[in-house]
Structures are given as C-alpha cells and as structure tokens.
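Visitor: Could you take me through one part of this model at close range? I would like to hear about a strand pairing and the side chains around it, and then about the aromatic rings and the cysteines.

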Amino acid sequence: MTDAILVLCTCPDEASADLLCELLLSQRLAACINQLPGLTSVYRWQGKTERAREIQLIIKSRASLFEPLRQCILTHHPYEVPEILALPASQGHQPYLDWLKEETS
C-alpha cells in the first residue's frame, strides 16, 4: 500500500496551468505534474451543455498532502468550481514512490 495519489485538475489555459504547477512544486505539494494540452471538455454548467478547450493536469502527490494541495488550487485557479479529483495509487514502482515521497517532504 502507498500514500501516493494522482490529482486531476483542468485549466483553461497555459498561464493558469503553469502557475499552478509552479506553486504546487515550489511548496512541495507535488513531486511531478503532467500538462496535457489540447483536451476538449464537454460538460453541463448552469443548465447548459458547454464545450471548452483545456489543459489537463495530472498531479503526483501524497494523500497526506491533499488538503493543502486542494487549498492551493482553490486559491489560485480561475474557475468558480475547478476540477479537483484525487485517485489513490494502490501500487507503484518502489523507487518512484520513494522519490515522490522525498520530493514532497
């Protein structure tokens, strides 16, 4: 078992994605963040179906850091209701998990 989590968060543009990455890494709330541009999100918002081009962030962190990570995103994200979903990593390559823990300590 591991404390590692993957947190998903979409951003509307490169500037907001870069800002969140810099903040989360500098505060050691994440060890690594993948930015996947070119995502199209289709969702319901305020009674209408919407489409938006977004950047998907895949944030590698630890469950014990989820609350400060969530607060950092909420403070700096431009959306009224940003996507913040944490998925547990039940297993992983131990050297990578050790590195993740070291980088978020």
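Guide: Happily; here is a walk from the strands to the rings and then to the sulfurs. A word on ground rules: this is a predicted model, in which local features need pLDDT of at least 70 and side-chain atom pairs count only at pLDDT 80 or more, while totals for chains, interfaces and linings use all residues. Residues are numbered from 1 along each chain as its sequence is written, and side-chain values use heavy atoms, with hydrogens and water left out.

Let us begin with strand E2, residues 32-45, and strand E3, residues 48-62. Strands here are DSSP runs of at least two residues and helices (H or I) runs of at least four, numbered from the N terminus. The two strands run antiparallel and are joined by 12 bridges; for a pairing, DSSP has to find at least two bridges. Tyr43 has Glu50 as its bridge partner in E3. The strands form a hairpin with two residues between them, and Gln46 in the turn has a positive phi of about 50 degrees.

Within E2, look at Ser41. With 15% relative accessibility, Ser41 counts as buried (under 20% relative accessible area; exposed is over 50%, partly exposed in between, with a 1.4 Å probe and protein chains only). Its side chain makes a polar contact of 2.4 Å with the side chain of Glu54. Such a contact is a pair of N or O atoms within 3.5 Å; within protein, one must be able to donate a hydrogen and the other to accept it, and residues adjacent in sequence count only if both atoms are side-chain atoms. Beyond four places in sequence, Ser41 is in contact (heavy atoms within 4.5 Å) with Thr10, Glu50, Arg51, Ala52 and Glu54.

Now to the rings. Rings of Phe, Tyr and Trp (its six-membered ring) pair if their centres lie within 6.5 Å; planes under 30 degrees apart are stacked, over 60 edge-to-face, and the rest tilted. That rule gives one aromatic pair. The ring centres of Tyr96 and Trp99 are 5.3 Å apart and the planes are at 45 degrees, so the pair is tilted. These residues sit three apart in helix H3 (residues 94-103), and are therefore separated by about one helical turn. Tyr96 is partly exposed at 33%, as is Trp99 at 32%.

Finally, the cysteines. With a disulfide taken as two cysteine sulfur atoms within 2.5 Å, the count is zero. Cys11 is in none; its nearest cysteine sulfur, that of Cys9, is 4.6 Å away. Cys11 is buried, at 0% relative accessibility.
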